[in-house]
Amino acid sequence: MNKQELARELGHPEAQKLLSGSLARLAYNGHDGLPRVIPVGFYWTGERIVVSTAPTSPKVGSLSRRPQVALTIDTGSTPHEAKALLVRGLATPQTVDGVTDEYLAAARRSIDEAQLAEFEHNVRLTYQQMVRISIEPRWARLYDFGAGRLPAFLADLVKDR
(Lines give C-alpha, C1' and ligand atoms only; values in the text may rest on other atoms or scores of the structure.)
Protein backbone atom coordinates (compact mmCIF):
# COMPACT_ATOMS: atom_id res chain seq x y z
CA MET A 1 0.00 0.00 0.00
CA ASN A 2 1.46 3.35 -0.94
CA LYS A 3 1.61 6.31 1.45
CA GLN A 4 -1.32 8.15 -0.17
CA GLU A 5 -3.61 5.11 0.10
CA LEU A 6 -2.52 4.57 3.69
CA ALA A 7 -3.16 8.22 4.57
CA ARG A 8 -6.60 8.04 2.93
CA GLU A 9 -7.60 4.96 4.95
CA LEU A 10 -6.28 6.28 8.26
CA GLY A 11 -7.65 9.77 7.62
CA HIS A 12 -11.21 8.63 6.93
CA PRO A 13 -13.57 10.12 9.56
CA GLU A 14 -14.72 6.67 10.73
CA ALA A 15 -11.10 5.49 11.02
CA GLN A 16 -10.29 8.59 13.06
CA LYS A 17 -13.17 7.79 15.42
CA LEU A 18 -11.82 4.28 15.92
CA LEU A 19 -8.28 5.60 16.42
CA SER A 20 -9.55 7.90 19.17
CA GLY A 21 -10.64 4.85 21.15
CA SER A 22 -8.68 3.07 23.81
CA LEU A 23 -8.78 -0.67 23.10
CA ALA A 24 -7.35 -2.67 20.21
CA ARG A 25 -6.45 -6.27 19.55
CA LEU A 26 -2.77 -6.78 18.80
CA ALA A 27 -1.57 -9.80 16.85
CA TYR A 28 2.08 -10.84 16.90
CA ASN A 29 4.22 -13.98 16.90
CA GLY A 30 5.08 -15.23 20.37
CA HIS A 31 8.46 -16.49 21.52
CA ASP A 32 7.50 -19.99 20.33
CA GLY A 33 6.66 -18.69 16.85
CA LEU A 34 2.92 -19.21 17.30
CA PRO A 35 0.49 -16.33 16.76
CA ARG A 36 -1.00 -14.40 19.65
CA VAL A 37 -3.89 -11.93 19.74
CA ILE A 38 -4.20 -9.83 22.88
CA PRO A 39 -6.28 -6.85 23.93
CA VAL A 40 -4.16 -3.74 24.47
CA GLY A 41 -4.69 -0.13 25.35
CA PHE A 42 -3.30 2.23 22.73
CA TYR A 43 -2.79 5.85 21.82
CA TRP A 44 -2.83 7.22 18.26
CA THR A 45 -0.28 10.02 17.80
CA GLY A 46 -1.49 10.95 14.34
CA GLU A 47 1.31 8.92 12.76
CA ARG A 48 1.84 5.89 14.97
CA ILE A 49 -0.08 3.63 17.30
CA VAL A 50 1.62 3.46 20.68
CA VAL A 51 1.15 0.63 23.14
CA SER A 52 2.76 0.94 26.57
CA THR A 53 3.63 -2.05 28.72
CA ALA A 54 5.88 -3.40 31.44
CA PRO A 55 9.43 -4.41 30.45
CA THR A 56 8.65 -7.95 31.68
CA SER A 57 5.68 -8.36 29.32
CA PRO A 58 6.14 -11.38 27.02
CA LYS A 59 5.31 -9.29 23.93
CA VAL A 60 8.40 -7.11 24.42
CA GLY A 61 10.91 -9.86 23.68
CA SER A 62 8.79 -11.29 20.90
CA LEU A 63 8.42 -7.92 19.15
CA SER A 64 12.15 -7.28 19.45
CA ARG A 65 12.75 -10.47 17.42
CA ARG A 66 9.76 -10.26 15.07
CA PRO A 67 8.43 -6.69 14.74
CA GLN A 68 5.63 -7.48 12.27
CA VAL A 69 2.22 -6.90 13.86
CA ALA A 70 -1.44 -6.52 13.03
CA LEU A 71 -4.07 -4.61 14.98
CA THR A 72 -7.83 -4.50 14.86
CA ILE A 73 -9.85 -1.68 16.37
CA ASP A 74 -13.57 -2.28 16.11
CA THR A 75 -16.96 -1.27 17.39
CA GLY A 76 -20.63 -2.10 16.94
CA SER A 77 -22.80 -4.84 18.32
CA THR A 78 -24.94 -5.52 15.24
CA PRO A 79 -23.92 -6.11 11.63
CA HIS A 80 -25.27 -2.73 10.53
CA GLU A 81 -23.30 -0.92 13.27
CA ALA A 82 -20.07 -2.86 12.80
CA LYS A 83 -16.97 -0.88 11.93
CA ALA A 84 -13.41 -2.17 11.97
CA LEU A 85 -10.02 -0.68 11.25
CA LEU A 86 -7.37 -3.25 10.38
CA VAL A 87 -3.73 -2.17 10.50
CA ARG A 88 -0.51 -4.00 9.68
CA GLY A 89 2.85 -2.56 10.53
CA LEU A 90 6.19 -2.70 12.28
CA ALA A 91 6.61 -2.39 16.02
CA THR A 92 9.60 -0.72 17.64
CA PRO A 93 9.90 -1.37 21.38
CA GLN A 94 11.86 1.17 23.43
CA THR A 95 12.36 1.08 27.19
CA VAL A 96 11.86 4.44 28.89
CA ASP A 97 12.27 5.54 32.49
CA GLY A 98 9.00 6.17 34.25
CA VAL A 99 5.64 6.16 32.51
CA THR A 100 5.21 6.87 28.80
CA ASP A 101 3.49 10.09 27.84
CA GLU A 102 1.12 8.15 25.58
CA TYR A 103 -0.03 5.91 28.44
CA LEU A 104 -1.05 8.94 30.46
CA ALA A 105 -2.59 10.68 27.44
CA ALA A 106 -4.74 7.61 26.74
CA ALA A 107 -5.82 7.53 30.38
CA ARG A 108 -6.84 11.18 30.23
CA ARG A 109 -9.35 10.31 27.50
CA SER A 110 -11.13 7.67 29.56
CA ILE A 111 -10.67 8.46 33.26
CA ASP A 112 -12.80 10.95 35.12
CA GLU A 113 -10.91 14.14 35.98
CA ALA A 114 -11.53 13.60 39.70
CA GLN A 115 -9.86 10.18 39.57
CA LEU A 116 -7.05 11.08 37.18
CA ALA A 117 -4.56 12.43 39.76
CA GLU A 118 -4.85 9.31 41.91
CA PHE A 119 -4.55 7.07 38.85
CA GLU A 120 -1.42 8.86 37.66
CA HIS A 121 0.10 8.74 41.15
CA ASN A 122 -0.49 4.97 41.38
CA VAL A 123 0.84 4.34 37.89
CA ARG A 124 4.03 6.26 38.65
CA LEU A 125 4.48 4.20 41.83
CA THR A 126 3.98 0.97 39.88
CA TYR A 127 6.24 1.56 36.88
CA GLN A 128 9.88 2.50 37.28
CA GLN A 129 10.18 1.80 33.56
CA MET A 130 7.81 1.12 30.69
CA VAL A 131 8.27 -0.10 27.17
CA ARG A 132 6.88 2.20 24.51
CA ILE A 133 5.89 0.05 21.53
CA SER A 134 5.59 2.39 18.57
CA ILE A 135 3.76 0.80 15.65
CA GLU A 136 4.33 2.28 12.21
CA PRO A 137 1.33 1.50 10.00
CA ARG A 138 2.29 0.04 6.62
CA TRP A 139 -1.17 -1.06 5.54
CA ALA A 140 -4.68 -0.21 6.74
CA ARG A 141 -8.25 -0.94 5.75
CA LEU A 142 -11.46 0.48 7.15
CA TYR A 143 -14.62 -1.63 7.00
CA ASP A 144 -17.98 -0.01 7.71
CA PHE A 145 -20.49 -2.78 7.19
CA GLY A 146 -23.56 -0.58 7.68
CA ALA A 147 -22.33 1.87 5.03
CA GLY A 148 -21.41 -0.89 2.57
CA ARG A 149 -17.64 -0.44 2.93
CA LEU A 150 -16.91 -4.17 2.85
CA PRO A 151 -13.96 -6.49 2.29
CA ALA A 152 -13.51 -6.99 -1.47
CA PHE A 153 -14.49 -10.66 -1.43
CA LEU A 154 -17.73 -9.85 0.41
CA ALA A 155 -18.51 -6.86 -1.81
CA ASP A 156 -18.11 -9.16 -4.82
CA LEU A 157 -20.57 -11.66 -3.33
CA VAL A 158 -23.13 -8.93 -2.65
CA LYS A 159 -22.67 -7.43 -6.12
CA ASP A 160 -23.11 -10.82 -7.84
CA ARG A 161 -26.35 -11.82 -6.10
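This section describes the overall fold, the nonpolar core, the salt bridges and the two largest pockets of a predicted model.

In this predicted model, the protein chain is built from six helices and seven strands, which follow one another from the N terminus in the order α-α-β-β-β-β-α-β-β-α-α-β-α. The C-alpha trace spans about 60 × 40 × 30 Å along its principal axes, and of the 161 residues in the chain, 34% are buried. When contacts between residues at least 6 apart in sequence are considered, 68% of them join residues that are at least 24 apart.

The largest nonpolar core comprises 26 residues, and those with the most contacts inside it are Leu10, Ile49, Val69, Leu71, Leu85 and Ile135. Helices H1, H2 and H3 (58–65) are among the elements that each supply at least two residues of this core, as are the strands E1 (23–29), E4, E5 (68–75), E6 (83–97) and E7. Of these elements, E7 gives the most to the core, with five residues. The surroundings of Ile49 can be described in greater detail: once its neighbours within four places in sequence are set aside, Ile49 is in contact with Leu19, Phe42, Tyr43, Trp44, Leu71, Val87, Ile133, Ser134 and Ile135. Two of these partners, Leu71 and Ile135, are themselves listed with Ile49 among the core residues with the most contacts inside the core.

Nine salt bridges are found in the structure. One of them joins Lys17 to Glu14, with the closest N and O atoms 3.4 Å apart; because the two residues lie three residues apart in helix H2 (residues 13–19), they are separated by about one helical turn. The two partners of this pair are assigned to opposite classes of accessibility, since Lys17, at 55% relative accessibility, counts as exposed, while Glu14, with a relative accessible area of 17%, is buried.

A second salt bridge within a helix is formed by the side chains of Arg124 and Glu120, with an N to O distance of 3.0 Å. Both residues belong to helix H5 (residues 113–126), where they are four residues apart, about one turn of the helix. Here both partners are partly exposed, Arg124 at 45% relative accessibility and Glu120 with a relative accessible area of 21%.

The side chains of Arg132 and Glu102 likewise meet in a salt bridge, at 2.8 Å from N to O, but this pair links distant parts of the chain, as Arg132 lies in strand E7 and Glu102 in helix H4, 30 residues apart. Arg132 has a relative accessible area of 21% and is therefore partly exposed, whereas Glu102, at 13% relative accessibility, counts as buried. In addition to these pairs, Arg48, Glu136 and Arg138 are linked in a network of salt bridges.

The largest pocket has a volume of about 240 Å³. Its lining consists of 13 residues, of which Lys3, Leu6, Glu47, Glu136 and Pro137 lie nearest the centre of the pocket; Glu136 thus takes part both in this lining and in the salt-bridge network with Arg48 and Arg138. Helix H1 (3–11) and strand E7 (129–144) each supply at least two residues of the lining, and the largest share, four residues, comes from H1. In terms of residue class, the lining divides into six nonpolar, two polar and five charged residues.

For the second largest pocket, the volume is about 160 Å³. This pocket is also lined by 13 residues, and the closest to its centre are Gly41, Phe42, Tyr103, Ala106 and Ala107. Phe42 is, in addition, one of the residues in contact with Ile49. Strand E4 (49–53) and helix H4 (101–110) each contribute at least two residues to the lining of the second largest pocket, with the largest share, five residues, coming from H4. The lining of this pocket has eight nonpolar, four polar and one charged residues, whereas five charged residues are present in the lining of the largest pocket.

Terms used:
Residues numbered from 1 in each chain as written. Predicted model: local features only at pLDDT ≥ 70, side-chain atom pairs only at ≥ 80, totals over all residues. Heavy atoms only, no water. 1 Å grid on protein atoms, 1.4 Å probe; cavity = no way out; pocket = protein on both sides within 12 Å on 5 of 7 lines; lining within 4 Å. Points joined across faces, edges and corners; volume = space filled by probe spheres on them. Nonpolar A, V, L, I, M, F, W, Y, C, P; charged D, E, K, R; others polar. Salt bridge = Lys/Arg side-chain N within 4 Å of Asp/Glu carboxyl O. Buried < 20%, exposed > 50% of the residue type's maximum accessible area, 1.4 Å probe, protein only. Core = buried A, V, L, I, M, F, W, Y, C linked by side-chain atoms within 4.5 Å. Contact = heavy atoms within 4.5 Å.
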